[in-house]
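User: I'm new to this one and would like to understand the labels people put on it. Could you walk me through the reasoning behind them?

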Amino acid sequence: MLVDQRQGVRKILRVRAMVVIDGAAPVPARTFDLSLGGMSVTSGSKVEPGQTGQVVFEMLVDGKPQIITCRAKVSHCIFSGNEFKVGFVFLPLNADATAAITKFMR
């Protein structure tokens, strides 16, 4: 049985993303949900829990597209259907990412 270890409410966000695990090539992904503490994505590539890297995605902030780059650590990676669902816990966010995600969560 899996225990949900999320901290805080998540909101659905379905946009294209790029996952760049430290020392690996960028991998296309799609965001699934988002909170100030972390996010999940779906991807065709498996990653190992504990790995760190960046998740880059675009979201609308005040009606304008903004590229968000977050340092994150993989919390889990589960094969589901024909892809992997990857959970990330954010490492300290920069001010721009914090502001954008906070506005989105309202």
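Analyst: Happy to; below, each label is set against its cut-off, and please keep in mind that the model is predicted.

User: Why is Ser-43 called buried?

Analyst: Ser-43 has a relative accessible area of 6%. Buried means under 20%, so Ser-43, at 6%, earns the label. As for its place, Ser-43 belongs to strand S4, residues 38-43.

User: What makes the link between the side chain of Ser-43 and Ser-45 a polar contact?

Analyst: The side chain of Ser-43 comes to 3.1 Å from the backbone nitrogen of Ser-45. A polar contact needs a suitable pair of N or O atoms within 3.5 Å, and 3.1 Å meets that limit. Setting aside neighbours within four places in sequence, Ser-43 also contacts Val-27, Pro-28, Ala-29, Glu-83 and Phe-84.

User: Why is Arg-106 called exposed?

Analyst: Its relative accessibility is 72%. Exposed means over 50%, so Arg-106 qualifies. You will find Arg-106 in the segment after helix H1 (95-105). Between Arg-106 and Leu-34 there are 12 Å from C-alpha to C-alpha, with the two 72 residues apart in sequence.

User: How do you know that strand S1 and strand S3 pair?

Analyst: Pairing takes at least two bridges. S1 (residues 11-12) and S3 (residues 27-34) run antiparallel and are joined by 2 bridges, so they meet the requirement. Ile-12, for instance, has Asp-33 in S3 as its bridge partner.

User: What about S3 and its pairing with S2 and with S4?

Analyst: Strand S2 (residues 16-21) pairs with S3 over 4 bridges, in the antiparallel sense, and Val-19 is matched with Val-27 in S3. S3 and S4, also antiparallel, share 5 bridges, with Arg-30 partnered by Thr-42 in S4. Each pair forms a hairpin: 5 residues lie between S2 and S3, and 3 residues lie between S3 and S4. In the S2–S3 turn, Gly-23 has a positive phi of about 80°.

User: Which residues have the most contacts inside the largest nonpolar core?

Analyst: They are Leu-34, Met-39, Val-41, Phe-57, Val-86 and Phe-88, in a core of 26 residues. S2, S3, S4, strand S5 (52-61), strand S6 (64-80), strand S7 (83-90) and H1 each supply at least two of the core's residues. S6 gives the largest share, 5 residues.

User: What does Leu-34 touch?

Analyst: Beyond residues up to four places away in sequence, its contacts include Met-39, Phe-57, Phe-90, Ile-101 and Phe-104. In soluble globular proteins, nonpolar side chains tend to be buried together.

Terms used
Residues numbered from 1 in each chain as written. Predicted model: local features only at pLDDT ≥ 70, side-chain atom pairs only at ≥ 80, totals over all residues. Heavy atoms only, no water. Buried < 20%, exposed > 50% of the residue type's maximum accessible area, 1.4 Å probe, protein only. Polar contact = N/O pair within 3.5 Å; in protein donor to acceptor, adjacent residues only side chain to side chain. Contact = heavy atoms within 4.5 Å. Core = buried A, V, L, I, M, F, W, Y, C linked by side-chain atoms within 4.5 Å.
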